[in-house]
Amino acid sequence: MSKQPTGGVHLNLEGVEREELEVDVLVVGAGPAGLACAIQLKRLLAQAGKADATLLVLEKAEEVGYHVLSGAVMDPKGMAELFPDWREKGCPVESAVVFDCVDYLKARGGKVRLSGPFVPPPLRNHGNFVVSLYRVVRWLKGEAEALGIDVYPGFAGAVVNYDGTRVTGVQTRDAGLDKHRQQKPQFQPGMNVKARVTVFAEGTRGSLAKGLVARLGLDAGRNHQLYETGIKEIWRIPEARAKELTGHVIHTLGAPLGTSGYGGGWIYGLSESRLSLGYVVGLDHPDVKLDPHALFTQWKQHPAVAELLAGGEIVRYGAKTIPGGGYFAMPKLFGDGFVLVGDSGGFVNMARLKGIHLAIKSGLMAAEALAEALGKDDTSAAALAGYAARFEASWAKEELYRVRNFRQAFQSGFFTGVLDAGLQQITGGRGLVARRTARADHEGRRPIGAARLAKPAFDGKLALDKLTDVYHSGAVHEEDQPAHLIVRDPELCVTRCTVEYGNPCQHFCPAAVYEWPHADAAAARRAGGVVINFSNCVHCKTCDVADPYQIIEWTVPEGGGGPKYVDM
Ligand SMILES: Cc1cc2nc3c(=O)[nH]c(=O)nc-3n(C[C@H](O)[C@H](O)[C@H](O)COP(=O)(O)OP(=O)(O)OC[C@H]3O[C@@H](n4cnc5c(N)ncnc54)[C@H](O)[C@@H]3O)c2cc1C
């Protein structure tokens, strides 16, 4: 059973007067895609004698960069198109990649290492750079502002405004409502930002983009988008070991997931004695006790990972979904008055675990199409189609098309996935089947009785529980506001979900937002159903994707709330 998403409409308050702001182009989301698009568009408009065109970038985080989270190994291809002199200009880089390998972690400890020519081609990283995406987007924001682009952090796009099928802009989230939706003295109604074109650059599972795609049927004839959740920590480790590992890129397969689903780990050597480490797992895993945080913890406890962290301490924690479905899962990228860029448009190469270069490239291609459309004073779908045409003729399409069946193949089992991924390498991406389809992530869950996945033992040092990790994410939300996580049919949690799936939200959420402490249905009803600690939310969107009944809707909280992913 699924319900139509509303994109946050629940906060539309009758009779509230809203300020109007009119701009030429509105970009929702200050990640690499949105900022690259804004920078390139401003340049192109200036070249066309339209230097006074107004561009506004809205960002829901309190500071630009607080809500981006990535590995990150960056393929410099996109950045070098945006700024051919990006290194000389001072784009922050942790290290050039100096070593890469793939470790197969055995269930009982020990590992088998593939290095040099034995590293599978998608995981070869020489020529790439280890970066902190936080630092990169902070730098991009500076470049955008230097060009005269307005970047407003602390403003979340809450509702898409339409005129028929035409997007006319967005309404920002109201601030100053209490948890019963009553106005507090400091109430500030969200404003209506009217734009000739709106660029949706919200990243993964954008709350506005989701509603837009559903309303306009932009995913008609496409595969279901598939998502993975990535759990990440940054650790500071003893200096001598850190020096040895700087610029090292280690990917792992095997334990703890084994062959039960799609996923694996990464360890990237950063500067300043730090390591970036993380674990990614496909949310199409059939076990309803799937707990990405637990898998990450078990992975850290594997001797091959634990020995790298010995004597170290955690610096930061975070989690985020990745839209890994690839080329056939990308929605239509444009319509009347809007385009979708970056993760919101599905620009991720899951075989490489890379999206930054594609996000930047999508922003560049959208900017060219927007400049052309604005030049003709026509921002209809027909005029913006130039964006999709540019994509189809680009290296980004070529790259994504070469891995078009990658992620879907793993739904036929781990070994089929590995075999097909190998075949895809020698058949230009075709593999065993010309066009693979996939079931949506939430569709293949086994009933609770078949759940097998176990929880780790936490020790407060290497294995940190969810609440300790949430503390290290810096997540904070104003508590006295309407919950931004909406359960559309709470009774279903008490009746069907308890019996069929055992309330999996308490497992899959990596921030301990959802709790089910109830002894039975009567107690659950008395307590109001599932407990939602929304203040813990790290904006990963796992709940929105993984809920088996699709009744959880992630909407934006008051602008500024959420994690503080400094240096992630
Ligand atoms: C765990 C993990 C590891 C990864 N590792 C790598 C890697 O090593 N290399 C690589 O190239 N890629 C990697 N990726 C993918 C890469 O990070 C993304 O593809 C890339 O960040 C997408 O850029 P974006 O601009 O589309 O979205 P984002 O970087 O997510 O930025 C979107 C921005 O929009 C804001 N926003 C969202 N909704 C709203 C709203 N309604 N109103 C206002 N603002 C909003 C968000 O707060 C955020 O700041 C990884 C991703 C994850 C999750």
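Accessible areas are obtained by the Shrake-Rupley method with a 1.4 Å probe, and for residues only the protein chains shown count as cover. On that basis, the protein has an accessible surface of about 21100 Å², of which 52% belongs to carbon and sulfur atoms.

This is a predicted model, in which local features need pLDDT of at least 70 and side-chain atom pairs count only at pLDDT 80 or more, while totals for chains, interfaces and linings use all residues. Residues are numbered from 1 along each chain as its sequence is written, and side-chain values use heavy atoms, with hydrogens and water left out.

Begin with the whole protein. Its C-alpha atoms fill a box of roughly 65 × 60 × 50 Å along the principal axes. Of its 568 residues, 61% count as buried, that is, under 20% relative accessible area (1.4 Å probe, protein chains only).

Next, select the ligand and the residues near it, meaning those with a heavy atom within 4 Å. This shell holds 38 residues, and the closest are Glu59, Ser70, Val73, Gly157 and Asp343.

Then display the polar contacts, which are pairs of N or O atoms within 3.5 Å. At Glu59, a side-chain N or O atom lies 2.7 Å from an oxygen atom of the ligand. At Val73, a polar backbone atom lies 2.8 Å from a ligand nitrogen atom. At Ile356, a polar backbone atom is 3.0 Å from a ligand oxygen atom. The protein covers 99% of the 1000 Å² of accessible area that the ligand has on its own.

Methods. A polar contact is a pair of N or O atoms within 3.5 Å; within protein, one must be able to donate a hydrogen and the other to accept it, and residues adjacent in sequence count only if both atoms are side-chain atoms. Buried means under 20% relative accessible area, exposed over 50%, partly exposed in between (1.4 Å probe, protein chains only).
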